[in-house]
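Here is a short note for a colleague who is opening this entry for the first time. Please keep the viewer open while reading.

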Amino acid sequence: MIRFIAIIAFASLLTGCGSSFVDSGQALGSNDSQSLALGDLDKDGDLDMVIANLNQGNRIYFNDGDANFTDSAQALSDNASRSVALGDIDADGDLDIVIANENQANRIYLNDDSGNFTNSGLSLGSSNSFAVALADVDNDNDLDMIVANQNQANLVWLNDGIGNFSDSGQTLGEDDSRSVATGDIDGDNDIDIVIANQSQQANRVYLNDGAGNFTDTEQALGENDSNFVILEDIDRDNDLDLLFANENQGNTVYLNDGFGNFTDSGQQLGANDSRALAVGDIDDDGDIDMAVANQNQGNRVYMNDGSGGFEDDDQSIGTDSSQSAALADLNGDGILSLAIANSSQANRIYNYEKEKFSLFSSSE
C-alpha cells in the first residue's frame with residue numbers, strides 16, 4: 001500500500017470552500033439608519049464611519065485599524081436625516097460632515113482635526129431632501145453641494161472656499177428624487193450630475209458648462225422606482241457608466257459612449273426592493289463589482305465579467321431592512337469589506353473571506 005499526495009497542474013485535486021462575505025459579529029447601534037459614509041475622520045490612517053439616522057442622533061464610529069468600530073458617543077442632532085457625505089469643505093485638511101434632512105434644513109458639521117464635530121450653524125434650505133453629494137462643480141478648488149429633493153427642485157449650493165454655502169439659484173427638475181451622483185461623464189473635465197428618481201419618473205442627466213451651470217440633456221433613463229445611482233467605469237473603456245438600484249424591479253446598467261450619452265445594457269439584476277449600491281473590485285480581478293443593499297431581503301453581490309456584464313454571486317447577506325452600503329478596505333489587508341446601514345436594526349460589517357484551497361489525499 002503506497003500513500004501519496006499527487007499534485008497535478010490544472011487537475012481538480014484542489015477544492016475551494018467558496019469566497020463570501022461573513023458577518024464580523026459587530027452590531028453598531030439599533031437606530032433607523034438611512035445612509036452611511038466612510039472616511040478617515042481622526043486622521044489615524046484607517047476608515048471611520050458616519051451614520052445618518054432618521055429622527056435620532058447621527059452617529060460616528062471610530063475604526064481601531066483592524067475593522068473594529070467603537071461609538072464615539074457623538075450624536076449630531078435628531079433631525080429626519082436621509083443622507084450623509086464627507087469632504088473637507090473648509091479647506092483645513094480634515095473631513096467634515098454634510099447631512100441631508102427631510103423637511104428640515106440641511107446641516108454641516110465641522111471637524112476639529114481629531115474626529116470631534118461641531119455644528120457650523122449653517123441652515124441650508126428646508127426642502128424634503130433625500131440625498132447629498134459633494135463635488136467641485138464650478139472649478140474653483142473647493143467642494144460644492146448638490147442636494148436631491150423629493151417632489152421639489154434639486155439644488156446646487158456653491159462653497160466660498162471656507163465652508164460657507166450660497167444657493168446658486170438653479171432648480172434642476174421637480175421629480176421624486178432620491179439619489180445624486182457626480183462625475184465627468186462627457187470628458188470635458190468638469191463635474192456633471194445624474195439624478196435617480198422614484199415614482200416611475202425618468203432618471204436625469206445634467207451637463208456642466210464648466211462654471212457650475214447645469215443643463216438637462218433630456219435623456220430619460222428608464223421609468224423605474226430608482227432609489228440610488230452610482231457612476232463608475234464598469235466596462236473599462238475609460239468613461240463613467242451608470243448603475244441604478246430600483247425598488248421591486250431589476251437593477252439597471254447604462255453604458256456611456258464617452259460623450260455622456262447612455263444606452264441601456266439590457267441587464268435586469270434581481271427583482272428586490274433595492275435601496276443602495278456599492279462598487280469595488282471584490283474579487284481582485286481588475287474590474288468593478290457591485291454589492292446591493294435590499295430592504296428585508298438578502299443583500300446581493302454581482303461580479304463583473306470584465307466588460308460590464310454582471311452575474312449574481314449567489315450570496316444572500318443578512319435579512320435586515322438595509323438602506324445603504326459601502327465597500328472599502330477597513331483593516332489595511334487589501335481586501336474589501338462591506339458595511340451596511342439598516343433601518344431599526346443593527347448596522348453590520350461583513351468581511352470578505354477569499355476562497356481557500358485544500359489538497360485531496362489519496363491512497364493506493
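Leaving aside neighbours within four places in sequence, which residues is Ser35 in contact with? The first point answers this.

1. **Ser35 and its surroundings.** The model is predicted. Beyond its neighbours within four places in sequence, Ser35 is in contact with Val50, Ile51, Ala52, Arg82, Ser83, Val84, Ser324 and Ala341. Ser35 sits in strand β4, residues 33-39. Its relative accessible area is 8%, which is under the 20% cut-off, so Ser35 counts as buried. The Ser35 side chain also has a polar atom 3.3 Å from the backbone nitrogen of Val84.

2. **Confidence.** Before going further, check how far the model can be trusted. The protein chain has a mean pLDDT of 93. A pLDDT of 70 or more is reached by 93% of its residues. Two stretches call for caution. Over residues 1-16, pLDDT stays under 50, and the model has 28 contacts beyond four places in sequence for them. Over residues 357-364, pLDDT also stays under 50, with 22 such contacts.

3. **The sheet β20 to β23.** Four strands make an open sheet here. Their order is β20-β21-β22-β23, and the pairing is antiparallel. Why do β20 and β23 each have one side without a neighbour in the sheet? β20 (226-232) and β23 (262-264) stand at the edges with a single partner strand each, so one side of each is left free of a neighbour in the sheet. Neighbouring strands of this sheet are turned by 25° against each other on average, direction ignored.

4. **Inside that sheet.** Strand β21 covers residues 241-246, and strand β22 covers residues 252-256. The two pair in the antiparallel sense over 3 bridges. To find the pairing in the viewer, start at Leu243, which stands opposite Val253 in β22. The loop between β21 and β22 holds Asn248. Asn248 is not a glycine, yet its phi is positive, at about 60°.

5. **The sheet β24 to β27.** This is an open sheet of 4 strands with antiparallel pairing. The order is β24-β25-β26-β27. At the edges are β24 (274-280) and β27 (310-312), each pairing on one side only. Here neighbouring strands are turned by 25° against each other on average, with direction ignored. β24 pairs with strand β25 (residues 289-294) in the antiparallel sense over 6 bridges. One bridge links Ser274 to Asn294 in β25.

6. **The largest nonpolar core.** How many residues does the largest nonpolar core have? It has 16 residues. Phe21, Ile282, Leu327 and Leu338 have the most contacts inside it. Several strands supply at least two residues each: β24, β25, β26 (300-304), β28 (322-328), β29 (337-342) and β30 (348-353). Leu338 is a good residue to display. Not counting residues up to four places away in sequence, Leu338 touches Phe21, Ala291, Ile317, Ala325, Ala326, Leu327, Arg348, Ile349 and Tyr350. There is also a second, separate core of 15 residues, which includes Ile89, Val98, Met145 and Leu155. As a general background, nonpolar side chains tend to be buried together in soluble globular proteins.

7. **Strand β16.** Is β16 largely enclosed or left open, and why? Of the 7 residues in strand β16 (residues 177-183), 6 are buried, so the strand is largely enclosed by the rest of the structure. β16 runs antiparallel to strand β17 (residues 192-197), and 6 bridges join the two. Val180 has Ile195 in β17 as its bridge partner.

8. **Two loop residues.** Asp140 lies in the loop between β12 (129-135) and β13 (144-149). Its relative accessibility is 34%, so Asp140 counts as partly exposed. The C-alpha atoms of Asp140 and Asn159 are separated by 9.0 Å, and the two residues are 19 residues apart along the chain. Ser77 is found in the loop between β7 (69-76) and β8 (81-87). Ser77 is partly exposed too, with a relative accessible area of 26%. Its phi is near 65°, a positive value in a residue other than glycine.

Definitions and conventions. Residues numbered from 1 in each chain as written. Predicted model: local features only at pLDDT ≥ 70, side-chain atom pairs only at ≥ 80, totals over all residues. Heavy atoms only, no water. Pairing = 2+ DSSP bridges. Axes fitted to C-alpha atoms, helices over the stretch in contact; angles between N-to-C directions. pLDDT = per-residue confidence, 0-100. Contact = heavy atoms within 4.5 Å. Buried < 20%, exposed > 50% of the residue type's maximum accessible area, 1.4 Å probe, protein only. Polar contact = N/O pair within 3.5 Å; in protein donor to acceptor, adjacent residues only side chain to side chain. Core = buried A, V, L, I, M, F, W, Y, C linked by side-chain atoms within 4.5 Å.
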